[in-house]
Each structure stands twice: as structure tokens, then as C-alpha cells.
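Please look over the sequence and the structure shown below before reading on. The report after them is meant for a reader who has not met this structure before.

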Amino acid sequence: MKKMKTLIRTLYVIAFVFMISCDNLEYIPTDQLSDKLIQASPKLLNNITIGTYSRLRSSNYMRLRHFAQEAPSDEVLLVKSTGDNLMYSYNYQHVVNSSVSTQFWQQAYYGIYSANKVIEAIDDNASGEFLQLKGENLFLRALMHYDLVRIFSRPYSQSPETNLGIMIRDNTDVKVLPARSTVKETYDFIVKDLLKAAALMNIRKSAIFASKETAWALLSRVYLYMDQYDKALEYADKVINAGRYSLVPTDKYGSYFTILPENNPETIFAIKLLETENMGKSSIGAMYHGDGGWGEMFASPPYRKLVYKYSNDQRIKFIDPEYVLDNVGNKIPDITEDCGFRVVKRNDLSKYFINKYTREGGIIMLSSPVVLRLAEMYLIKAEAFAKTGKNVEAIDVINLIRKRAGLFGDQLFTVSDLKGYTSVLDVVLAERFLELAWEGHRSFDLFRNNLPVDRSYVPAQAWCGPKGFILPTSKSIVHLIPEVEMALNPKLVQNPTE
Amino acid sequence: MKKKWFFTNHGYFFACVGKFLKIMKIFIFLIAFASMQTFALDNYAQTKRMDMKIVQSSIVSALEIIENQSEFFFFYNNKVVKLDKKVSVDLKDKSINEILDAVFTDTDVEYTINDRQIILSINKSEKSSAQQQRSVKGKVTDSSGATLPGVSVVVKGTTTGVITDNNGNFSLVNIPENASLQFSFVGMKTQEFTTEGKTTINVKLSEEAIGLDEVVAVGYSNKKASELSSSVAVVNEKALQGVTSNNLSDMVQGKVPGLVVSNTSGNPGQNANIVIRGVGSIGAGYSPLYVVDGIIGGDANPNDIESITVLKDAAATGLYGSRASNGVIIITTKSGKSGKTKINYSGSYGISQHLDGNLQMMNSSELYDFQKNGYQNYFNSRVAVNDPNFANISFENYLPNVLSPSRLNVDTDWQSLLSRTGKINKQQLSISGGNEKTTFYVSGNYYDESGTVISTYYKSMGFRANFKHKISDKVTLYVKVSGNNEKSPNDPLPGQEGVIAQYYINMPWDSPYEADGITPYNPVKAGSTWLGNGKSNYIYDREHYSDITKKMGLSSDLKLDVKITDWMSFSTSNRWQFSGSDWTQLLDKNYILSIAEKGRISQTYTYQNSYLTSNLFNLKHNFGNHYFSGVLGQEYSYSKWNSTGAVGMDMVEGLSALSSAGSPKSVSGTSSETGFLSYFGQMDYNYKGRYFLVGSARRDASSRFGANNKWGTFLTMGTSWVINRETFLSQVSWIDLLKIKFSYGTTGNANIADYLSMGTYGFATANTYNGNSGARPSRIANPDLTWEKAYTTNLGFEFSVFKRIKLEIDLYNRDNKDLLQNVPLSAASGFTGQQRNVGSVRNQGIDFNLTTVNLDGDFRWETNFNLNINKNKVLALNNSEDIANGSMRIREGLDLRYFYMREWAGVDPQTGDPLWVRWEDENGKIINGADKKDPTKVLTTNQYNQASNLFIRSAYPDLTGGIRNDLSYKNFSFSVLCNMSFGQWIYFGQRERIDSDGTFLGHNQMKPYKDWVRWEKPGDITTHPRIVSGGNLQSSSPSSRYLEDGSYFRIQNVNLSYTFPKVYSLISALRVYASVDNLALFTKFSGADPDVNIENPQITQDANSARYSPTKKILFGISLDF
């Protein structure tokens, strides 16, 4: 009897023990949705698209893309060597493990994958709302391919049929890894996407999202890079004549980059950052401006020489020299400085801060970087005119841009007075330099036009790059394919090095 | 030709086996020698249980039954002792005394047990009655003065004896005048005293020379050390006593062979890394499993720890199988003893001193001369190439433009400015006691340390209450509750150079103050003339930010033991644990990182709730000489982690509430759940206490794994042979223990993040655009994801002689397979990687542990020497692809941590240029180590980008170990603990900045160390290239130039203590001590301290990860018992 009791007690305990354990151990995350669920729901495709736009604003895309494009130009002067890998882009000492090229490359392809998910999910016969979404994703896919091919491949003007472009990704197959296509194939792919994107997008969205005109504007630039001047002109005109955009008037031009992109009549596409997304010391602007930033990359002496030529040039306002003030707070005249006053120096270099990436809405370091704006469309037209021998038309467009910048009278060009420039194309390129400085155009403009970047202004003690001119034929004008990616995709071929 | 990419180590294990065979020979010799000796073993008579059933048989036949059933044998003179009397006895499971008492009832036979020998004689009570009889009483204490209940006090040569009561008191009546009293207690040395002329005998027992029969907490049960088949190491209370530190890693450093503690830090409250027998996992961590009071997980204040057991092999870790592949650390907290209530107060107070080791920074004029030299070389080189800018200027006129002599007017000693004498204050009060039914231990503690770098500190408070109550004979209840609360500041802040980085790199030319000498200088103000690269002035920063983490935890255990039958008991252990943290960062509008936001507040709260229930049946039975015991159990655990955070902008100074922010910036918060379910069983068997066999099986499921593969099976077995208990050795008295043991088994690892097997899209604040919620693909599903497994083999010997020398040697091999790894994917796939089970890593090695009592008596000297040699090797990786990991690279055939970088080839004696090694193929193209090709040519180049990246060497140490010496004389005791590591390599990346050749003009530089020589003129053979302002050909870029031998020998702790002999009535024990941590360090390493994390031995150039070296601590303490 006693044994029986013990046995019953034991069984009771065992039953208790097993009851505790009826958990199936399947838990569901609270901040993630299953991929099966999300792909089956059309509503969630919008979330994926937003996720891809957010990729553009991520530091690893936006900031690195910016410095990979801008640091090699003759628009900037780095005050000292920096541990930031943008140093390698700046001094043309590319390395295969630069965090700038590695992170940018990876972010771009992650974004392309997301875009492909949406593109694959929406049928070409879907309703207008979904076609718009598909079009936006086609635009985003084209933009990211274009950013990649600019940074990792040689200019289209240099045998695009044989030079290697980048991996074209037009599907979501995780296992099939593509090799690099040629530069021409890559550009053709971008053009195809943009044409289809423009056709699908019929909802007018503000300048922080893609619309039909955004695709046209990028098409115009891509055609210019491909030396297809008629097409470049055609799409620049489509944008100009769309009636959506107008140049910011002269009196407000100096504060262009403080206007919110949605409210800026000239901006065609900008990557929006909310006030809460201000990246402060990690922003693009932190490199350019000491007020809230590091302020270590200054306006270059050649640029200063050009812009300070006419003191009424509104584009001077995009430079904030840090003046030395006397006891009563006045600037001290100094004829050796481009701005005419004594400027604070660091490492013997004058601090000419750049303000295109700060004070949006009056907030220090806040900036929604502009990707496409109307002035560029005019300059594309001017270049296309100049290259097709339409000098008069080209000069007219240049003067339109110069007038907007506050220049007048004999500060403008005429076909007969190029003010020392030897060709109309030189005038156009100089104007692009002046107008689009620090917006990621300059080094590409030079190289695609077979011109060198002149780095002789950099004092040698802060420079270990090639001396003087970087020729458009130099192997160093492109970034190297990231080492880690080379290892993971054996089909990739590295860019040649010096 | 060096074949760096190919490297094998098959020979290593055979070498180990070779050594093993040599040791075997010595053992065999000793066994043979020992066989000739006579025999003694304690305790047999106390532990041996027997049955006796005879009906009207002779006493002689009863003695035969005893001899057959046991190892007892009888000596008697059959002419004197008559044993033909018929007796009847019926006894079960009784001790020898009880049986003999029954057998000899109503006879004149008297017996004396001398271990296994029983001498029979005739009772001569008539004679002894003639002797004078007397009484003796007294008190027994241990070496620390604590009373010892349960000590057996026996009149030698008789069966007369008593056991001390709860207060350690005993009294014996009617004993012979000149009797000899024998005092014995498990774990203590048996001592004898004569009663001659005394009525009171107070005895102090000292611990057994070498605790052979120490009870060790292993797995789900406690076992005698001598009966284990597995490799375990115990750090007992005594060994823990000397350490004054407040963290666990310091308590075990240098004491357990095969347990490597690294990355000890001077930053108060920072824990070091603990790795047991090498790292076998690539992506699932290397931290051992912690078990507190028998339950997985948990935490204990070092002051409350009674003992620490380290389980190293499969047989030991088997029962924790599913999560034990990195070894297990079992912590047992203190408990009360029945008897007088004991109050203990211990307090220590001390100071700490910052150590820079070999790393000394330049002062103002040294730095000036250094940079001037650089500018001179730069100037000369420009003139040499006819640079027009340098045509019409002399160096004397050029220099002031770039290096103003006014810099010499400032000479800030940042090292003394940013450091101070630290202070340590540690207090603990505990009360313990109870009666036969209930015992308790309650403690509270307080710890406050201010670090040697200004503004660093750590404060903690905690309590613990352990109760045990016997509800009935069969049911015992345990309740354990503990709580803790701690606080420390964080440094550095993201994106900003923290105080420890500034300590080294700030320029002596920058003054921390404005001209007035009081106002801190803001390096980023308009018109700032700050020269330092990072524009960081901690003296300014500290007034504009605060960044503090608070942590809290509460744990409660409820355990019920139920004795169901004599051979079966059930226990259920249940723990609820809460842990939380509160991180608050306040940056005001003048702080460099928050100017744009006009001040910022960030707060994140996290909390985790964990539940664990462990339910066991303990079985125990013996059939004659066959002893069985076993465990059947089930375990379930669940934990949920939650976090909530918010950031606000526009903060008015002086406010610190989120709601006082002018505008919100962001919110964050998520949660994550984990569950484990396990069933397991273990069976222990031994025959006559000589042959042991243990086996366990376990089935585990984890929520972290894929739907197809949640369950894993883990099997282990172990066996051991206690050779000295064999009859052929039973006569050898000087061998205490001779044992050989072997184990093999599998254990698992699930130490990865939750949900990694699922394919998902993530929604996060970072994925939003213009305020719209966005999703990004986070992972590709892997429904097959399953347990990482370690297959461990252990072969061990234990040998103890004369109770003074104990040697333990273990040889092991552990293969970790199906490693949990994030396998990187090409970005073209759209994903960074996928979690998979691929690859395998092997660790082989020897643990060696020797304890000797060199001197015994009043002056006692004990030495423990332990070392570990571990050889690590990656056996397989995903498709044999290397895994790049910064300046290291994981490759099949090499150690897991292997430096991969450009190989420094010294300085070109002609030009002073830096040189690196370049490998070329037959076409003159560069080859890197990663290319898996042999070079046709090995050259040097002065072009960094033309140099090859090569596999340089393993980072792992060849040997690690510790030596501990304990000396005591009367009431003084003195201990010295040293630890060492030989053959480890460190990448001292900070030198890229502070030992550059002119590249970094905005950082202070270190003074040349020892034999470093700077190149000056052609023909100089030097270690350092020509200094050139702006840099000399990327000479300070990462290369093996900055790779250094990090071998060291450290006097880690010296402790002197004195126990007062005279005890006042109120105070039962008083001990005072002085202790020095980090007394001396012997190393060639040029940095401050080479004890860096051996899994990532890099002191990087990243200013945010500069190293806070261990400090020298001098403490004085007192321990009082009431």
C-alpha cells in the first residue's frame, strides 16, 4: 500500500513536469515580417519601396556615394590626412578594402535586390497605383546602377564596349551571380529601365520621390554621358517644358540649400532627411562646415579663384570663410585671400567652409542632398549644343544660368567674347564647375571630356597622391572592386591598377 | 621559400601522445614500487556498509562473511580470543562498528579498527579500571577560527568518541589519563593530542594538504573529486579568499589550467574574457556557460561565492550538453551552518595607480624636435626636386610657417591631467546560522571604485539571502534570492575621441584651458587654434555631457527536494530572473556631437525576464559492490528581452527628463523571445570504488533553430580507474590517489541571436523614408539551421603522494563541427549573409596542474603550478573559402586567429624608405596570401599598394599558466599569484598614429622604445624609416611593423594576512590583510599592457577603442567574525 502511494506520487510529479513543457518553441519576431507574408501582400510592396528610398538616405549609401564622387575632384581641399577612408578617394590611392567603396557597393546591391522584389511582384498590366510603384522601383534600380557604374567603371567616352561596367542585377535569384557587364551594356540597361520607369509613372509626386520627370532628368544626364546629345537635349527639354520646375530666383539663390526639397521649385530629385534624421557629425556637411561639423574639407583654391572673380556672383554665398575678426568684431582686410579678408587657418590652409550641406530649414547639419535639379538640365542643354556646334544656343543657355547667379552686363559671355576660354565647351564646363560645385559632378565632367583633374593646388605635406595632374587615362580614376566581393563572386574582374 | 598559406599540425597530437607515454612509464614504475609498501586508507570503516544475517552460527563464520563482503581483515590470537560462540544477528546496511558490536554482544572480545585491519583482543576492563579516569572538553575550530561542528573526536585505540556539536564543542568523560585524542573531519588533516594534565583541549584543524575528498559540484549533482571520470577544476573558498577584486574573471585568472582570462581592464567594472580550452566556434561565441547553484544562468556577487568549479570535458559538461561546448563554470554560493549565528564583516579600502608600462608619450619639446626633423626632410626633398615654392626660401625661414616655435610655450601633460589615483572601497556584511531544521545566509555588499582615468567609476550594491528549511525528514525547501544594482559611466561616445584615447593622442601643444587658465577650451569653437586631430578636449567635454549605464538584477530560486524512497529522490529547481538596464546620455548644446540638435537626450531601457525550471529524479542503489546512481530530468527555459528607447532634441541645460526635450527625434524598441526544452538522463556506476563509468544522454530543442532541425541529441561517456584501490597497491600507504580517466562526448552551442533561421523583412526606424514605415529584406530563411556540436575527448591522470604532491594531467581534443556562422554572401544576392551550419575547428592540448606542499608544520608552503598548451586549427570552412576579418583572416589549416596583412621588411638603409614584402608569380604579377599560390619571386617594395597581403602568424599564445605560492607561519599567511602567457602576438594598431613617421601631425607621438632607431643618413640600419612631414610612403599604414610579441609574466596578486590569535569574547575571529594587484609585469611589448583580448588581440588606431590598461591596486582589508 505504501509502495502504491509512492508510485502515484511519483507519477503525479512526472505528469507535472511534462505539463510545463508543452511550449512548441516557435516564436515570432515583433519587428520583422516573414518574407512569405510580405511578398503575398500588395500593400506591403509599398513598405519595401519605402525601405529602398531609405537605403538612399543611409549614411553608407548617401554619404559614401557623395565622397566617392566628390573627393577626387578639384573642388575640394582636405586640410589634413584623415583616417576616414574617403582619404583614398581623395588622393587616388585606391585600396581594395576601402570602406567607402565596399560599403557603397554593398548598399547599392542590397537596394537593387529590394527594387527587384517589387518589380517582379507587379505585373505590367496592374492598376495605375501599382504601375507607379513599379516605375519608382525601376527608377531606383537605374539610379543605383548608374551610381555604381560612375564610381567603379571608366567613363563611357573610353571604349565602353570593352571596358567593364558593373554587375547588372535584374532579378532576385540569390544563387546566380552575374559577372561584370561592359560599360555600354550597363548604360543600355540603365536607359531601358529609365524609359520604362518614365512610361509607368503617371502620378505626380514631390521631389523627394521619383516621378516621370525624375526619370527624364536622369535619362538626359545618362545620354549626355553616353555622348547622345540629341537624346540628352530631348529629355532635358521634356523636363524644362514639363511646367513643374523653375529656377530659384537670384535673390533667393544663395539660400537654395536651406529650402526644403519639397518646396524648392528647382529641385527635381533630392534624398529627403527629416529633422529627426539629421546626421550631425556624421553627415556630409560635417566634412565641409565647422559650425556643427568637423570642417575639414574646404573650397579649393581653383574654385575660389573662379567664383570670387565677380563679387556679385551669388554662388559665393555657398562658401562661408571663417574670418579672423578684430577686437570689435570686424573682418580684417587681406588682399592675399580670395575673399579679401583674413581667414582663419589650419595647417596653414584657409578655412573656406562650404554650406551646400547644412542649415536646411535653418537647422545646422541638416541637408537633403540634391540629386537632380533644373539648372543641370540647362547645363546639359548647353553642353549638347556646344558639342553639336550650336555655339550661340549654348552661350544663351550659359548666360541664363549666369544671370540667375546675379551676373550681368559684360560678366556674361558672347560667342565673340569667351573671356579667355578657348572654346564654348570650355565655357560650358567652367560654368558647370561654378554652378554644380560639390554636387558630385566635377571629376566625371572632366574625365568624360578627356580632361585631367589638376591637383597641383594641394600642398605637398598633406598629399601623397599623384603629383599635379590626374589624367583621364589614369587607372586611378575609378574605385577598385571591393576585395570581399571579389572573393564571394569569382566571376568579378578587378579594375586594373597602376 | 616560406609557404605561409599552407600549414599543418598533425604532428602535434602525436607529440602529445609521446609525452603521455613517457608519463605512463613513470607511473608504471611508481606503481610497481608502491606495491611493495604497506597500505592505509582512511574512512573506509566509516563509509562501508554491509549486511549480516546469521542464525546460531559461530563468530568465526560471521567474521568470514565480513571478510567476503568487504576489504576488512581480522587479526587475532586464536589462543587468546575464543570465537566459537554461537550468535544470531540480522542487520542490513550497517557500518562495521554496528555489526561488530552486535556480533560481540555478551562476549569479552574487544576490537580495534585500523582502517581495513581489525584487531581482536580480550577486554581487560579490570585492568583499566585501575587507571585514573578523567574528563576532557574543548572546542574545535578551523584555521580561520570558525567553529567546526561534526568533527569526530576519538580516544585513540578505542571506540570511545564523540562528535562536536553545533558550536564545535565536545566533551568526553571517563577516559584514560594519558589518552591520545584523534580529531578528524572531512577535508581536514587528522590531528592527535594527548590529554595529559589537561581538562580543556581547544583544537584548530587545518585543511587537508591536498583535498582529495573534496566534494565537487558537477552537473546536477555533487561528487567526490576522487570519483570523477571527467576533467574538472575547483577554485575553493581558500583560493578565492586572497583576491580582492570585484569580478569573477580576476578570481579565476591563473588558477585553472586551460582557462584563459584575457583583456583584463583597468576600467572599473569591466569584465575580462574567459575562454576554456581554446575557441572552437566562429560565429556563436566563446563564453562558457555559467551555472549558479545548480541552475543554468544567473549571477553571483564575488563575495558570496563559496566555490567555483570549472567543467572542461564532455563527461563533466555532458549534462549541460546543449549549451556546454565552451565549457561550464559552476558557481556555488555560500550557505549557513546550523549553530551559533555568525556575523561576518569584511571591508577593504585601497588605491589604484595608472600603469603605462613601456608606453611613454613625448612632451612639448620632444614632439617639436620630432616634427622639425620631419619638416627638414620634407624641405630637403622638395628642394631636391626643384620645387619652385621652395626655391627662394631657407629652412629657417620656412619652418616657422609650418611649425611655429610658439608651440613650445605650451607643454600640457595630458597623461597626468587625465589620470589620477583611483580609490576602491569594498564592504560586506553577512549573517549566517540556523538550527537543524533551518539554516540561512544573508549578505549585503557595497563596492565603489573610482578609476585611474578621470571620470571613470563603478558602483554596485547587492544582497543575497539563502535559506534552507527541512519541512520533514523527506522534504527540504531551498529559497535563494539575490539582487544587484550597479552604475558606471560610458566612454567613449560614438564618433568622438574618448578620454582614454585622448590620454595618449592629445598634443602637448594644446592647452586644455583658455588663457585665463580656468575656462576649458572648446576646440571646435569659431577661431579655434586647436592642433590635435580629433579636436577633442576632455576637460571641455566633461562639462557638456553625461553618459551613464545602470544595471539591475533580481533572481529568485525555489528548490524542493523530496526523498521518495531510500533510493529515489525528486527535486524541482525553479528560477525567475529579472535583469534590466537603463542608459541615459545627455549632451548639451555646446557639446560637439549635439550642436546641430541644440542638445540631445537619449534613453534606452531594457529588461529581460527569464524563467527556468529543472526537474530531476535522483536515483541511487547498490547491489553488493555495484553502485549505481543516476539522474533523469527535464528542463525548460524561456526568456524574453524587451527594449524601449527614445531620443529628444533641444534640451535646456540642467534638465534630464525625456519629456523636457523641445522636440522628439526618434523612438526605438523591440523584443525577442528564446526558449529551450530538454530531456536528459545520466547513469553513474562504480564497482568497489575502483572502476567508474558514467554515461549521459540528452535531447534538446531550441527556438533559435529552423523548423526542420530544432532538436539535437548529445551523448557522453566517461570512465575512470582508481588504481590505488586495487589490492596490489593496497599496501602502499604513501600513494593517496592514482587514477586514470577517459571521456568522450558531444556538447552543443546555440549561442546566436533569435530568429536567424527565418526569412524576414525588417521594419526599423532606419528603414523609414519621409516618415513612412519601410521594410528591408533582412534574411534568407534556413529551415535546416541546427545545433553547433563539439566532440570532446579527454584522457587524464591524477596522482597524489604523501598527501603533499598532487599532479593532474589532461590531454584533450575537441572538434567543433557544424559551426553556426553567418556565411557571407555576395552583395549581388541582396543579402550580407546567411546563418548556416558549416565548418569545423579543432582544439588540442594539455592541461597540467601540480600542487605541492613544500613545507608543512608551523611554517607551511604550498605551491600550485598550472599550465595549458592549446593548439587551435581550423579544419573546414564553407567551400574552403577564407573569412576576411580586418587584419586577420580565417583559413583552413591555420589557427582561428591569424594575422593577415602586409609583411614589414624593415627600412631601406640607402633611402630610409619603408619596405614591405612582395610576392610575384612567373609573370611578375602580385600574389597575395589569399591567392593560395606559391610565389616565383619574393621581393621587397617601398610601395605599400604593391606589397602583398600575407599570412603572418597566429595570434594565439603557445602556453598560458599560473603559479600560486601560499606561505603561512603561525598566524601569518602570504600568497603570491603569478600568471603568464607566452607566444601571443598583438597588433598594436594605435602605433599607426602615435608611432608614425610624420603622417599624423595632429597626434602626440610615443617616445622611441628601447632599441628603436630612426633612419637619418644612407647606410643606417634602423627599425624606423626616415621621418617626413606628411608621411613617408604610407609607412604607418597597417602592416606587420606594428605586430608585437605579447608574451608576459605578471605578478598578479600578492597578499599578506594576519589572523589575530587572541580572540575577544565578542569577536570570534579577526583577520587583517594587505594586497597588491598587478605588482609587476615582465614583457617586451612596447604598449602599456599586453593582456589584450586573445580573440581579437588588436589595440587599434581607432581612437574610440584605445585600451584602458589594468591598474596597480593596493588594498588593505579587515575581516571580523562576531
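What follows is a report on chain A, on the contact between the two chains, and on several places in chain B.

## The model and chain A

The structure described here is a predicted model, and each value in this report was computed from that model. Chain A is built with 18 helices and 13 strands, and its C-alpha atoms fill a box of roughly 120 × 60 × 45 Å when the box is taken along the principal axes.

Chain A has 498 residues, of which 63% count as buried. Among the contacts in chain A with a separation of 6 or more, 68% are accounted for by residues that lie 24 or more positions apart.

## The contact between the chains

The contact takes 88 residues from chain B and 88 residues from chain A. The area buried between chain B and chain A comes to about 7,000 Å², and carbon and sulfur atoms give 57% of that area. The rule for polar contacts finds 22 residue pairs across the interface of chain B and chain A, with both residues of a pair at pLDDT 80 or more, while the count of salt bridges between chain B and chain A is zero.

On the side of chain B that touches chain A, the residues divide into 36 nonpolar, 41 polar and eleven charged. Strand E31 of chain B, which covers residues 663-687, gives the most to that side, with ten residues.

## A strand pair across the interface

Strand pairing also links the two chains: strand E1 of chain A (residues 32-34) and strand E35 of chain B (residues 760-763) run antiparallel and are joined by three bridges. Within this pair, Gln32(A) has Gly762(B) in E35(B) as its bridge partner.

## Asn533(B), a residue with neighbours in both chains

Asn533(B) is found in the loop of chain B that lies between helix H12 (499-505) and helix H13 (538-541). Leaving aside residues up to four places away in sequence, Asn533(B) touches Lys80(A), Ser81(A), Glu296(A) and Arg346(A) in chain A, and Glu497(B), Arg993(B), Gly1002(B) and His1003(B) in chain B. With a relative accessible area of 13%, Asn533(B) falls under the 20% cut-off and is therefore counted as buried.

## Two loop residues with positive phi

Lys688(B) lies in the loop between E31 and strand E32 (691-702) of chain B. Although Lys688(B) is not a glycine, it has a positive phi of about 55 degrees. Its relative accessibility is 28%, which lies between the 20% and 50% cut-offs, so Lys688(B) counts as partly exposed.

Asn770(B) is placed in another part of chain B, in the loop between E35 and strand E36 (775-779). Here too phi is positive in a residue other than glycine, with a value near 50 degrees for Asn770(B). At 24% relative accessibility, Asn770(B) counts as partly exposed.

## Strand E34 and its partners in chain B

Strand E34 of chain B, residues 735-749, is mostly covered, since twelve of its 15 residues are buried. E34(B) is joined by seven bridges to strand E33 (residues 711-722) of chain B, and these two strands run antiparallel. In that pairing, Thr716(B) stands opposite Gly745(B) in E34(B).

E34(B) also pairs in the antiparallel sense with strand E37 (residues 788-801) of chain B, over 14 bridges. In this second pairing, Thr747(B) stands opposite Ala790(B) in E37(B).

## Asn872(B), a buried residue in a strand

Asn872(B) lies in strand E42 of chain B, which covers residues 859-876. Its relative accessible area is 1%, and Asn872(B) is therefore counted as buried, given that the cut-off is 20%. Asn872(B) and Gly278(B) stand 594 residues apart in sequence, yet their C-alpha atoms are 6.8 Å apart in space.

Not counting residues up to four places away in sequence, Asn872(B) touches several residues, including Val841(B), Arg842(B), Asn843(B), Leu894(B), Asp895(B) and Tyr956(B). Val279(B) and Leu896(B) are also touched by Asn872(B), and both are reached through polar atoms of the backbone: the side chain of Asn872(B) reaches the backbone oxygen of Val279(B) at 2.8 Å, and this side chain reaches the backbone nitrogen of Leu896(B) at 2.8 Å.

Conventions: Residues are numbered from 1 along each chain as its sequence is written. Chains are lettered from A and ligands numbered from 1 in the order in which they are written. This is a predicted model: local features need pLDDT of at least 70, side-chain atom pairs count only at pLDDT 80 or more; totals for chains, interfaces and linings use all residues. Side-chain values use heavy atoms; hydrogens and water are left out. Helices (H or I, at least four residues) and strands (E, at least two) are DSSP runs, numbered from the N terminus. Buried means under 20% relative accessible area, exposed over 50%, partly exposed in between (1.4 Å probe, protein chains only). Contact means heavy atoms within 4.5 Å. Buried area is the accessible area (1.4 Å probe) that two parts lose on being put together, summed over both. A salt bridge is a side-chain nitrogen of Lys or Arg within 4 Å of a carboxyl oxygen of Asp or Glu. A polar contact is a pair of N or O atoms within 3.5 Å; within protein, one must be able to donate a hydrogen and the other to accept it, and residues adjacent in sequence count only if both atoms are side-chain atoms. Ala, Val, Leu, Ile, Met, Phe, Trp, Tyr, Cys and Pro count as nonpolar, Asp, Glu, Lys and Arg as charged, and the others, Gly among them, as polar. Two strands pair if DSSP finds at least two bridges between them.
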